[in-house]
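Here's a walk through a multi-chain model, taken one piece at a time. Keep the structure open beside the text as you read.

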Amino acid sequence: MKGNEAIAEAAIIAGCRHYFGYPITPQTEIAAYMAKRMPKIGGCFLQAESEIAAINMVYGVAATGKRVMTSSSSPGISLKGEGISYLAGADLPSLIVNVQRGGPGLGGIQPSQSDYFQATKGTAHGDFHMLVLAPASVQEMADLTVKGFELADKYRMTAMVLADGTMGQMMEPVSLDYEVKNTVEKPWATTGTNMEREHNIVNSLFLSPEKLEEENFKRYDRYKLIEENETMYEEYMMEDAEICVSAFGIASRVAKNAINEAREMGIKVGLIRPITLWPFPKAPFKKAGEKVKSIISVELSMGQMIEDIRLASECKVPVTLCNRAGGMIPTPEQVLEAIINANNGGAK
Amino acid sequence: MVVFDKPHALTDVSMHYCPGCTHGIIHRLVAEVIDELGIEGKTIGIAPVGCSVMAYDYFNCDMIEAAHGRAPAVATGVKRALPENVVFTYQGDGDLASIGMAETVHSAARNENITIIFVNNAIYGMTGGQMAPTTLPEQVTQTSPYGRDVNHCGFPIKVCEMLATLDGPEYLERVAVNNVKNVKAAKKAIKKAFQNQVEGKGFSLIEVVSSCPTNWGMTPKKALEWVEEKMIPYYPLGVYKDRSAKEEN
Amino acid sequence: MSATKFLFAGFGGQGILFSGKFLAYKGLIEDKQVSWLPSYGPEMRGGTASCSVILSDTPVGSPIVSNPDVLVAMNLPSLDKYEDAVVSGGTIFVDSTLIERKVKRTDVTVHYIPATALADQNGMPTLANMIIVGKVLKELNEFNEEGINGALGKVISARHANMLDFNLKALKIGSEN
């Protein structure tokens, strides 16, 4: 199954019956899959007139308490930014998929990770976060989609699956056997009062600064719980590592190849792979900062996650960048060279 | 004995609108229609960004506040999720005909089974009186201080006429609320727009030619006269599309 | 760690992605770890198309094949582009109908097969790709009916079930030439 299709089928298994989107490479398979499947299961696929309309349709369904998603690629996510901010302000759960391509501007259509900042920090205006999940296999494309819906409901927020063109296009075997949790009560949903309760209001406007501040503090209390309970990462050969490589998504697959080769050469190197990019897994990097010689951040960007690594490792060891950008992917050889270089005394 | 009472579909919250503003009348007409059709319990309203941004506090049904111009897209989502419910948007001219034009046109083209109440007062009220897409030629606003120069910033948009060119929409009518006769006609149109949705007929939009004494710089009385003398000649009242009626004939 | 990395390359429309997918499914049926990664975008529509397939006994690391163990070249630009990337000791399969020149490398095994001509002669002009795959399977000692039938069932939709026999025949022609 293609990564994009795995996301779509997993969403359906998770109980999502509403999908709104707009065509953009390299994620269009998600829309095509939904267009085919939704009518057959009583769901709704609707091709919106724009990314902006799509995210606002998502907002409408989310307000009714039903599971809903949209997907796009980098330039389209920029357009959705406004709607994502409103979803955050109104505390509505939803799932958004970004199959990243190179930027800025129209950029290219080849895989990239240059929306890390956008996803984890600068999605749009205001104080808010999305839960950002970074799959590194087709299996995880599906797993994290299901998980994303569950966490979105649990914490009343948007979850983003942050993939890239490679993840979306590649095929790997995938098992879609889930016990889906879809039991969160949503008493706040606007489903009609039925003349039995006070009217519900889904809203992000708070003209009183005291009230708005209170809303933001409440939201950030929830974020703290998420940081404590939902942070996910994978450690690979880190027990005795003297060099730490860090990478997420496709970059982590390339990095693992390089690490395996370096281990054969006798270099003690391991990998920390963040699975949640927000919340960022600070603990393993803090620990790494206390025991490794240096950290290498492998990214398909000009270096974005590296900033969080530096903060999390408290700048105790040098953190260097091993990257390609604009749609290029680092090779295992390039990463191996960075590892050898670091092992020989670090910074060039 | 007839007692003048507040419709049940309006809350007790006192409205923030300026003296002489016709939003109050239009809110009331919508609420009366919701009462008369007995649909308050299943109605979900979408408020815009603009003067009526806080409409969510004034209607007793479930309410959603949308981003600027996006109410028809939000309404699309709600209606697709809850097709048995009644979904309406309440939008001003900047919201519907400027920043949200794409959402307006495409929800009409899809014949979304929703009701849109479009309040056209030819100006941006909430931000203090700037030129709107419906500001008349020569009309003075904060951002057209020498009068709207059509050679520089183009012509006003006639929403009903434009949407009437589409095959999608079910019902389009322009009404006004500047006198008793027009208010009565406006209520009839709004009721039809909700009734159409209940009957599953599709997209209905009622454009209400309204006034803005504060930002027009007029007394409420003078503003209503200006509606009659300037607005209605440019924005003629009437039914622009009624598919079901046409099919019956 | 035993992994075989394949790179299929040719013109868009030659069925490059299809043959890669077939091979990946065959691996899956035979309980291997597999990945399939296509080139995508405008180049799919008439330009050079390629796809990476990895069959492995252990979980697949990077799905990107930059140095293939096996290169299947179905047009000259593909051979020009990827010949030097093949690992030393690797294997190159060349459609000798469309590629007139010989492989320059001397440290690789090369198989020339006139796949396109064979396809035309046998009345299956769209199946040169599967003829060359038949040759690949034969040379790698991977030509077994169970895996082949299972994989064909996966990549050919029920709607095109009539194509099953043609594909099987193409694979056989490839294995016998």
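What follows goes from the chain contacts to one sheet, then to the core and a single residue.

## Who touches whom

First things first: this is a predicted model. Two pairs of chains are in contact, and of these 2 pairs, chains A and B share the most contacts. Chains B and C, on the other hand, have no contact at all, and their closest C-alpha atoms are 28 Å apart. Chain A does meet chain C, with 17 residues of chain A in contact with 15 residues of chain C.

## The A–B contact

Chain B puts 29 residues into its contact with chain A, which answers with 32 residues. On chain B's side, the elements giving two or more residues are strand S1 (43-47), strand S2 (62-65), helix H3 (71-81) and helix H5 (101-109) of chain B. H3(B) is the top contributor there, with 8 residues. Sort that side of chain B by class and you get 15 nonpolar, 7 polar and 7 charged residues.

There's some strand pairing across this contact too. Strand S7 (residues 201-202) of chain A runs parallel to S2(B), and 2 bridges link them. To find the spot, look for Val202(A), whose bridge partner in S2(B) is Ile64(B).

## The A–C contact

Over on the side of chain A that touches chain C, helix H7 (165-169) and helix H9 (249-264) of chain A are the elements that give two or more residues. H9(A) supplies the largest share of that side, at 4 residues. The class split for this side of chain A is 8 nonpolar, 6 polar and 3 charged residues.

## The sheet in chain C

Chain C has an open sheet of 6 strands with mixed pairing, in the order S2-S3-S1-S4-S5-S6. Strand S2 (33-38) and strand S6 (109-113) of chain C are the edges, each pairing on one side only. From one strand to the next, the twist averages 15°.

At the S6 edge, strand S5 (residues 91-95) of chain C runs parallel to S6(C), joined by 5 bridges. Within that pair, Thr91(C) stands opposite Thr109(C). Helix H4 (residues 128-139) of chain C packs on the sheet here, touching strand S4 (70-73), S5 and S6 of chain C, with its direction at about 150° to that of S5(C). Helix H1 (residues 16-29) of chain C lies across strand S1 (3-11), S2 and strand S3 (48-56) of chain C, and H1(C) runs at about 10° to S3(C).

## The largest nonpolar core

Nonpolar side chains tend to be buried together in soluble globular proteins. In this model, the largest nonpolar core has 240 residues, and those touching the most other members are Val245(A), Ile339(A), Ile117(B), Val208(B), Val72(C) and Ala73(C). Helix H3 (residues 51-63) of chain A gives the most to this core, 10 residues. At least three residues come from each of domain 1 (3-184 + 202-229) and domain 2 (234-343) of chain A.

Zoom in on Val245(A): leaving out residues up to four places away in sequence, Val245(A) touches Ala255(A), Ile259(A), Val269(A), Leu271(A), Ile296(A), Val298(A), Val335(A) and Ile339(A).

## One residue in helix H11 of chain A

Finally, take Glu307(A), which sits in helix H11 (residues 305-312) of chain A. Why is Glu307(A) classed as partly exposed? Because 15 other C-beta atoms lie within 10 Å, and a residue needs 20 or more to be buried, or 12 or fewer to be exposed. Glu307(A) is 272 residues from Ala35(A) in sequence, and their C-alpha atoms are 39 Å apart in space.

Note on methods:
Residues numbered from 1 in each chain as written. Chains lettered and ligands numbered in written order. Predicted model: local features only at pLDDT ≥ 70, side-chain atom pairs only at ≥ 80, totals over all residues. Pairing = 2+ DSSP bridges. Axes fitted to C-alpha atoms, helices over the stretch in contact; angles between N-to-C directions. Contact = placed C-beta atoms within 7 Å. Nonpolar A, V, L, I, M, F, W, Y, C, P; charged D, E, K, R; others polar. Core = buried A, V, L, I, M, F, W, Y, C linked by C-beta atoms within 7 Å. Domains from an automatic or database assignment.
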